Amino acid sequence: MGRTIVCRCEDVTIEDLKQAFSEGYRDLESLKRYTGFATGFCQGKCCLAHAARFLSALKGGDDTVADPTRTRPLLHPTPASRFAGAAEPMEDE
Amino acid sequence: MRDRAELVIIGGGIVGLSLAYHLARMGMTDVVVLEQGYLCFGASGRNGGGIRQQWSTEVNIRLAQQSVRMFKQLARETGHNIWFRQGGYLFLARDARIAAELEKTVKLQNRLGVPTRLISPAMARRLVEGLNTEGVEVCSYNSTDGVLFPWPAVWGMATVVRNLGVEINTFTRVTGIDVKDNHVVKVVTDRGAVATHRVVNAAGAWSWQIARLAGLELPNKPYRHEILVTEPLKPFLEPMVSDLSDGTYFSQTMRGEILGGIADPQEPSSMETNSSFRFLARMCNSMIRILPRLSRVKILRQWAGYYDETPDGQPILGRVKPVEGFVQLNGFGGHGFMLAPAVGKIAAEWLLRKQDHQIFHTYDLGRFERGETRKENFTIG
């Protein structure tokens, strides 16, 4: 299959996913942590769907594995100074 | 899943795995580990990886010293690189009371062989370029503290444990603990039951729930603790920096990211792991105040884990009187990861070879009734 990149931020290949799968990391959250996809600059926007699809295929088309990993802020990488002004009284919605 | 075992460990976090790891290496492999999620699901997969020996009690200092020695060997032993980097820990004290406290603890640490030094703000600025020491009275610095990447430490221990024949069941939730004539006889899960005479409660934030299944009430309370990570930068920050006035801490990981959190005295006890804007704002504020050059660094992600807190900030370990065979290994607050190697080994020697240890007396559940608590002052968040 050669060097097929799944996650461009962290250089994770399909071979990496297969290796992790063979070592027993067979759910999306584990696979993410073990290979590092979705932990880089895009936080999964570019790779999560590919990885999920590939994991599903490895599990014989089982699409229950394709629930996305937990989504967390921030939506886009943002400089710390943008939030520093918001100070303490700020409450969540 | 096995239907009987000499020992069942509830919780596949670093504490439970460290126990399994040392037991297995001593030859005891008739052990089943039960983990409700994936490996790294709980606090062991959500913490900042800080490993320090700057503590205020002798017991904790000794446990931390031993753990550092063990973490240094762990990559070699497990074949998983845990990216342990001893860049030191730098604590900032902003008022006279905290400064006096630091002075005392540094003396104790020195007596026990931890090379912590009290240093001036000017010295601290030499350790961390651009550090803002306005309002800082004094700092403590220990060069042998450090940070590691928690995930591979968990995976490494799990791999060794499995290879030695221990069964680790992930995605397996404990639903009951059968007790007969005050003796543990069985652990029930959503995937079947395991007959056993001994069960270890290493369930971290869920420990109070696990204890209830055996009819026990623990004083542990879970608290959300939030944390964030920035884009990776060229290595520039040697030590973990922590401000004792508001419980801010941050360090640079081996991937180059700045990773840190801040204490929040208003955080209520809960099993919540949502992310809050309040944390983001407070953390950015504090981080930039301490190290202004971080202001333009981009935040990538924030998340949350748990502190499994006890009334005196110390763990609850060992036997619990009314139920024979029920063993406590929890209540570590924000410092379970860094003490886990030593605690796991001591607990393994105690369970397997009946080798007693001070921690089972200092940190037993009965201390709250006896009024023999000694608060650890040196906790962050």
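Begin by selecting A:Ala51 and B:Ala20, the two residues that touch the most other members of the largest nonpolar core, which counts 142 residues. Keep in mind throughout the tour that this is a predicted model. To see where the core draws its residues, select helix 8 of chain B, residues 336-353, which gives the most to this core with ten residues. The core also takes at least three residues from each of the two domains of chain B, domain 1 (7-46 + 151-220 + 312-370) and domain 2 (85-144 + 221-309).

**Around B:Ala20**

Centre the view on B:Ala20 and show its contacts: leaving aside residues up to four places away in sequence, B:Ala20 touches B:Ile9, B:Val31, B:Val33, B:Val161 and B:Val166.

**Chain B as a whole**

Now widen the selection to chain B, which has ten helices and 19 strands. Its radius of gyration is 20 Å, close to the 21 Å that the globule rule gives for 381 residues, so chain B is as compact as a globular protein of that length. Along its principal axes, the C-alpha trace of chain B spans about 60 × 40 × 40 Å. Colouring by burial will mark 53% of the 381 residues of chain B as buried, and a contact map will show that, among contacts in chain B between residues at least 6 apart in sequence, 76% join residues at least 24 apart.

Colour the two domains of chain B separately, taking 7-46 + 151-220 + 312-370 as domain 1 and 85-144 + 221-309 as domain 2. The centres of these domains, taken over C-alpha atoms, are separated by 30 Å. Where domain 1 and domain 2 of chain B meet, the contact takes 13 residues from domain 1 and eleven residues from domain 2. On the domain 1 side, the touching residues divide into three nonpolar, nine polar and one charged.

**Two loops of chain B**

Next select B:Asn182, found in the loop between strand 9 (174-180) and strand 10 (183-189) of chain B. Its phi is positive, about 65°, although B:Asn182 is not a glycine. Is this residue buried or exposed? With 12 C-beta neighbours inside 10 Å, B:Asn182 counts as exposed.

Then move to B:Lys354, which lies in the loop between helix 8 and helix 9 (359-362) of chain B. Here too a residue other than glycine has a positive phi, near 55° for B:Lys354, and B:Lys354 is exposed, with 7 other C-beta atoms within 10 Å.

**Chain A and its helices**

Turn to chain A, where four helices and three strands follow the pattern β-β-α-α-α-β-α along the sequence. Of the 93 residues of chain A, 33% count as buried, and residues 24 or more positions apart account for 48% of the contacts in chain A with a separation of 6 or more.

Select helix 3 of chain A, residues 48-58, and pick out its buried residues A:Leu48, A:Ala51, A:Ala52, A:Phe54 and A:Leu55. Looking down the axis of helix 3 of chain A, you will find these buried residues within an arc of 165°, so they line one face of the helix. They pack against strand 1 (5-7), helix 1 (14-22) and helix 2 (28-35) of chain A. Just past helix 3 of chain A comes A:Gly60, with a positive phi near 65°.

In helix 1 of chain A, the residues to highlight are A:Asp16, A:Leu17 and A:Ala20, which are buried. Down the axis of helix 1 of chain A, its buried residues fall within an arc of 100°, so they too line one face of the helix. The elements that cover them include strand 1, strand 2 (12-13), helix 2 and helix 3 of chain A. Helix 1 of chain A is followed by A:Gly24, whose phi is positive, near 105°.

Before leaving chain A, select A:Pro73 and A:Leu74, which are joined by a cis peptide bond with omega about 10°. A:Leu74 has its place in the loop between helix 3 and strand 3 of chain A.

**Where the chains meet**

Finish by showing both chains: 23 residues of chain A are in contact with 27 residues of chain B. On the chain A side, helix 2, strand 3 (78-79) and helix 4 (81-84) each supply at least two residues, and the largest share, four residues, comes from helix 2 of chain A. Coloured by class, the side of chain A that touches chain B shows twelve nonpolar, four polar and seven charged residues.

Methods:
Residues are numbered from 1 along each chain as its sequence is written. Chains are lettered from A and ligands numbered from 1 in the order in which they are written. This is a predicted model: local features need pLDDT of at least 70, side-chain atom pairs count only at pLDDT 80 or more; totals for chains, interfaces and linings use all residues. The radius of gyration is taken over C-alpha atoms; the globule rule is 2.2 Å times the number of residues to the power 0.38. A residue is buried if 20 or more other C-beta atoms lie within 10 Å of its own, exposed if 12 or fewer, and partly exposed in between; C-beta atoms are placed from the backbone. Two residues are in contact if their C-beta atoms, placed from the backbone, lie within 7 Å. The arc is that of the directions from the helix axis to the C-beta atoms. A nonpolar core is a set of buried Ala, Val, Leu, Ile, Met, Phe, Trp, Tyr and Cys residues joined through C-beta atoms within 7 Å. Domain bounds come from an automatic or database domain assignment. Ala, Val, Leu, Ile, Met, Phe, Trp, Tyr, Cys and Pro count as nonpolar, Asp, Glu, Lys and Arg as charged, and the others, Gly among them, as polar.
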